[in-house]
Amino acid sequence: MTAPRGALRLIDVRKSYRVGPVTTEVLRGVDLEIGAGDLVSIMGPSGSGKTTLMNIVGLLDRPSTGRHVLDGRDVSGLGDDALSRLRNAHVGFVFQAFHLLPRLTAAENVCVPLVYRGTGRRKALGRARAILERVGMGDRLEHRPDQLSGGQKQRVAIARALVGLPALLLADEPTGALDADTADETMGLLLELNAEQGVTVLIITHDPAVARCCTRRMRIDGGQLHEEDSRPPGSAGSTAPRRA
Amino acid sequence: MPGILPILGANARQAVDSLARARLRTALGLVGIMIGISSVIAMVSLGEIAKEQARRQFEALGTDVLLVRTLTTMAGSQAISLADAIGLAEAVPAVAEAAPRILGHGEFRHAGRKVGQGRVQGVTAAFASINRMSLQAGRFVSLLDADRHFCVVGAAVADAMRQGGARRIVGETLEVGDILFTVVGVLDPRPENYALPVQVEADQSVFVPIGAAGRVADNPAIELAVARSSAGVDYRAAVADIRSWFRGRSPDLQLDIITAKELIAQMEAQMQTFALLLGSVGSISLVVGGIGIMNIMLVSVAERRREIAIRRALGARRRDIQSQFLIESVILTLAGGLLGILLGLAATWAICRFTGWEFLISGMSVASGLGTAAAAGLFFGFQPARQAARLDPIAGLQAE
Ligand SMILES: Nc1ncnc2c1ncn2[C@@H]1O[C@H](COP(=O)(O)OP(=O)(O)OP(=O)(O)O)[C@@H](O)[C@H]1O
Ligand SMILES: [Mg+2]
């Protein structure tokens with residue numbers, strides 16, 4: 001594949017919900033252009049539509065109107081199966097609440113995206129082991145989520161998001177449930193992976209310190225997205241708040 | 001298309017795990033399926049067993065055997081005359097062989113020692129051939145023996161005589177009641193087949209010439225005549241011919257003619273009664289159990305909304321989720337089905353004891369039990385699985 005992976009555009013995306021007779025427009029014409037390998041933060045008050053936006057970017061939800069272009073391909077009109085396939089191949093999610101499957105071990109959790117693309121169990125477990133080692137969880141392969149700390153769970157979740165080599169990593173308040181030190185470590189890991197694997201990363205956060213680590217910072221308010229001051233990409237790695 | 005097998009394999013593992021966790025609910029759901037499947041098993045097994053039973057009957061006796069009895073043989077009522085019973089085969093072309101029997105009962109003594117107790121059967125040579133009796137020594141009795149005191153002993157009686165020291169049984173003297181008989185033949189052991197129209201009980205019996213039976217039987221009337229219809233003759237035609245011949249001979253005779261075909265039909269009717277009973281019990285409990293399974297699955301789907309949403313976010317298509325839950329319900333019903341097979345075989349065994357049929361395990365019944373279980377899993381799991389597949393992943397991710 002020669003086209004850069006992980007580039008995306010939203011063009012005049014609107015999303016409204018109707019609850020009873022009241023229609024609320026959460027996103028009111030969002031335009032967004034992200035290049036392959038970008039590291040983007042989105043901040044905004046609670047209820048401003050950050051998660052809604054992320055779900056649309058991650059192909060879990062569809063905009064009410066507007067276009068969604070992924071690596072040059074308009075995906076707005078795709079059906080549910082095609083979106084699922086694309087999500088599996090293209091997108092990795094990291095959630096604030098980790099969202100690991102409680103009955104599966106760390107390694108099995110990481111295997112799930114591979115299973116849905118038809119990878120055999122043995123091969124999938126091999127890949128899972130490799131990526132869990134990469135995120136520093138190589139000695140917790142057989143642990144179940146309730147046997148892991150919050151930071152460890154989030155590492156497993158990051159491994160699961162990345163095991164399928166997605167172009168786009170979407171993290172919704174990934175450090176929101178972690179203490180300050182663990183949050184720093186987790187952010188450091190995300191920054192490393194962004195630099196190392198060239199995966200486009202979009203982080204939703206309430207924490208200005210997290211936002212400062214990113215090369216592009218955006219703010220959502222009143223249903224619209226604005227870019228704040230941009231720094232040239234490349235200066236990001238040096239500012240990773242890693243405390244040894 | 002990437003392989004579907006890894007997905008199915010992962011789903012199956014997942015299913016076993018989640019079912020093991022909901023033990024009580026699972027156990028309750030299993031019971032209904034178990035009873036349902038056991039009825040299916042018993043129903044199919046009994047059908048097979050009855051068929052096998054009929055086949056053996058064909059083999060042992062053929063379907064050409066007829067049993068001719070007078071309706072009452074008590075004093076004052078008409079009996080078949082010996083001459084008529086013997087003349088039947090010659091006079092009626094539809095009858096190939098005919099063998100009358102006079103039945104008595106007595107104690108057998110040899111050298112002053114009791115060697116048995118059982119039937120004393122006054123017969124002709126045709127009786128042995130129609131009933132497929134074979135000799136280990138000597139000869140059978142025949143009409144030529146007239147009223148002479150010769151006898152043929154059954155295998156068990158012969159064994160008892162040997163235990164008392166008799167070397168060659170043939171030639172020994174046997175006391176039947178208080179009459180002395182000379183043994184002229186010894187029968188091979190002959191297992192009784194209770195499905196056959198004639199109960200012979202050969203092993204415990206002593207057979208004497210029909211002309212001598214009057215000396216030892218309380219009621220010297222001919223109790224029955226066993227006949228074999230000629231090759232190629234429809235049994236209904238043979239029955240009609242026999243009736244019309246006897247009507248010509250003794251018009252007052254009330255005849256009861258039983259054919260092997262009728263006995264098979266009777267057995268099939270009995271089998272169908274069981275099948276109907278089992279079929280209705282089976283389908284009711286399958287429906288009840290199936291609704292239980294459906295309920296288990298609906299609860300499971302509701303409890304696992306978040307899991308479903310996470311899987312969807314990771315790239316599961318609706319059909320992946322649907323097959324996960326379908327596999328789960330099929331595993332559930334198959335587990336119930338396996339228990340049901342055991343229960344069904346036990347029930348079949350019990351029914352066989354009750355009817356005297358020979359128990360056998362039919363592969364067909366096991367296969368149809370498993371098939372029904374799997375089908376019930378698919379049928380009753382369909383709605384819950386569809387519901388799971390249609391859940392909104394976004395709502396599921398927000399659910400805490
Ligand atoms: N399914 C829905 N039906 C109706 N309204 C919805 C639905 N989902 C979200 N909303 C509304 O859309 C708005 C944006 O929600 P969203 O979850 O995107 O906010 P957020 O920016 O992620 O907030 P937070 O920072 O608290 O996570 C909220 O006002 C919410 O009430
Ligand atoms: Mg949110």
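A polar side-chain atom of A:Thr52 lies 2.5 Å from an oxygen atom of ligand 1 in this predicted model. A polar contact here is a pair of N or O atoms within 3.5 Å. Two further residues of chain A join A:Thr52 in the table.

| Residue | Atom on the residue | Distance to an oxygen atom of ligand 1 |
|---|---|---|
| A:Thr52 | polar side-chain atom | 2.5 Å |
| A:Lys50 | side-chain N or O atom | 2.7 Å |
| A:Gly47 | backbone N or O atom | 2.8 Å |

Taken alone, ligand 1 exposes 630 Å², and the protein buries 63% of that (Shrake-Rupley areas, 1.4 Å probe).

Let's widen the view to the shell. Around ligand 1 there are 13 residues, each with a heavy atom within 4 Å. A:Ser46 and A:Thr51 are among the closest. By class, the shell holds seven polar, four nonpolar and two charged residues, with Gly counted as polar and Asp, Glu, Lys and Arg as charged.

Strand 1 (8-19) and helix 1 (50-57) of chain A each supply at least two shell residues; helix 1 gives the most, with three. These elements are DSSP runs, of at least four residues for helices (H or I) and at least two for strands (E).

A few notes on conventions: this is a predicted model, where local features need pLDDT of at least 70, side-chain atom pairs count only at pLDDT 80 or more, and totals for chains, interfaces and linings use all residues. Residues are numbered from 1 along each chain, chains are lettered from A and ligands numbered from 1 in the order written, and side-chain values use heavy atoms, leaving out hydrogens and water.

Note on methods: Polar contact = N/O pair within 3.5 Å; in protein donor to acceptor, adjacent residues only side chain to side chain.
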